[in-house]
Amino acid sequence: MSTAVERAESDAASRTLHVIAMGVSGSGKSTVGALLAEELGGEFVDGDDLHPAANVAKMAAGTPLDDDDRAPWLREIGARMAAATGTMVIGCSALKRSYRDLIRSAAPDTVFVHMRGSRELLAERMAARPEHFMPLSLLDSQLGTLEELEPDEHGVAFDVAEPPAQIVREAAEWLRA
Ligand SMILES: Nc1ncnc2c1ncn2[C@@H]1O[C@H](COP(=O)(O)OP(=O)(O)O)[C@@H](O)[C@H]1O
Ligand SMILES: O=C(O)[C@H](O)[C@@H](O)[C@H](O)[C@H](O)COP(=O)(O)O
C-alpha cells in the first residue's frame with residue numbers, strides 16, 4: 001500500500017499540464033518545449049507550424065507580424081490547448097500580455113515558461129540555424145514587442161544561457177510543485 005506522500009507525489013506527476021514555452025525567436029521554444037513535453041509525458045506542438053502561410057511569408061520577407069496577423073494564430077493555439085486531453089506543451093512566442101490573455105481565455109489553466117536571454121546570445125543562436133525562415137533582422141522587433149510575465153500571471157522564467165536539460169529539469173520541478 002502506498003503512503004499518503006507517495007500518493008501525493010504520484011498525483012502531482014500525473015497531473016495534466018497546459019504549458020506554453022514562450023520567448024522571442026531563437027530563445028529555445030522548440031528545443032526546450034519538446035524536451036519538456038517528453039519529461040512531462042505529454043505532447044509537444046510547435047506554434048511555428050500553426051502560423052497561416054501568409055504570416056510565415058511575411059516574417060521570411062523581414063516584416064514583423066502585427067496584432068491582426070497574430071490574432072488567428074493565437075486563437076488556434078488557444079483552441080489546441082483547450083482541446084488537449086493530456087499534458088500539452090506548445091511553443092509560442094506569446095510576446096505580449098494581451099496575447100497570453102487570449103490564450104488563457106480559451107485555456108485558463110495555461111502556464112507560461114519563458115526563456116529569456118541577452119540579445120547577443122539570441123542573435124548567435126538564430127545565426128546558427130540559417131535554414132530557418134525567421135531572419136535575424138527581426139530579433140530587435142521581437143525584443144521590442146516582448147512584455148515580460150507580470151506578477152499575476154502563472155509562469156516562470158529561465159535564462160537561456162543554461163543548458164536545455166537544466167531548464168527542463170527546473171521547469172518540470174516548478175510545474176509539478
Ligand atoms: N538552452 C540552450 N542552450 C544552448 N543552445 C540552445 C538552447 N536552447 C536552444 N538552443 C539552440 O538555439 C537554437 C534556437 O533554438 P530554437 O529551439 O529553435 O528556438 P525557438 O524555437 O525559440 O526559435 C537552436 O539551434 C537550438 O539548438
Ligand atoms: O509572433 C511572432 O512574431 C512569431 O511567432 C515569432 O515570435 C516566432 O518566434 C516565429 O514564429 C519565428 O519562429 P522561431 O521562434 O522558431 O524563430
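These exercises walk through two ligand shells, a helix pair and two single residues.

The model is predicted: local features need pLDDT of at least 70, side-chain atom pairs count only at pLDDT 80 or more, and totals for chains, interfaces and linings use all residues. Residues are numbered from 1 along each chain as its sequence is written, while chains are lettered from A and ligands numbered from 1 in the order in which they are written.

**Exercise 1.** Describe the shell around ligand 1.

*Solution.* Start with the rule: a residue is near a molecule if its C-beta atom, placed from the backbone, lies within 6 Å of it. For ligand 1, 18 residues qualify, and Gly28, Lys29, Ser30, Thr31 and Arg125 are the closest. Next, sort by class. Ala, Val, Leu, Ile, Met, Phe, Trp, Tyr, Cys and Pro are nonpolar; Asp, Glu, Lys and Arg are charged; the others, Gly among them, are polar. The shell has six nonpolar, eight polar and four charged residues. Last, find the helices (DSSP runs of H or I, at least four residues, numbered from the N terminus). Both α2 (29-40) and α8 (164-176) supply at least two residues. The most come from α2, which gives four.

**Exercise 2.** Describe the shell around ligand 2.

*Solution.* Count 13 residues; Ser25, Asp48, Leu65, Ser93 and Met134 come nearest. By class, four are nonpolar, six polar and three charged.

**Exercise 3.** How do α2 and α8 cross?

*Solution.* Fit lines to the C-alpha atoms over the stretch in contact; angles run from 0 to 180 degrees between N-to-C directions. The two axes come within 9 Å and cross at roughly 50 degrees. Therefore α2 is oblique to α8. Oblique covers the angles left over from roughly parallel (under 35 degrees), roughly antiparallel (over 145) and roughly perpendicular (65 to 115). Now list contacts (C-beta atoms, placed from the backbone, within 7 Å). Thr31, Val32, Leu35, Leu36, Glu39 and Leu40 of α2 meet Pro164, Ile167, Val168, Ala171 and Ala172 of α8. This contact has nine nonpolar, one polar and one charged residues.

**Exercise 4.** Is Ala94 buried or exposed?

*Solution.* Apply the cut-offs to other C-beta atoms within 10 Å: 20 or more is buried, 12 or fewer exposed, in between partly exposed. Ala94 has 29 such neighbours, so Ala94 is buried. Ala94 sits in the loop between β3 (88-91) and α5 (97-106). Its phi is near 45 degrees, a positive value in a residue other than glycine. Most residues other than glycine have a negative phi.

**Exercise 5.** Place Lys58.

*Solution.* Lys58 lies in helix α3 (residues 53-60). Lys58 has 16 other C-beta atoms within 10 Å, so Lys58 is partly exposed. Leaving out residues up to four places away in sequence, Lys58 touches Thr63, Leu65 and Asp69.

Notes: Two residues are in contact if their C-beta atoms, placed from the backbone, lie within 7 Å.
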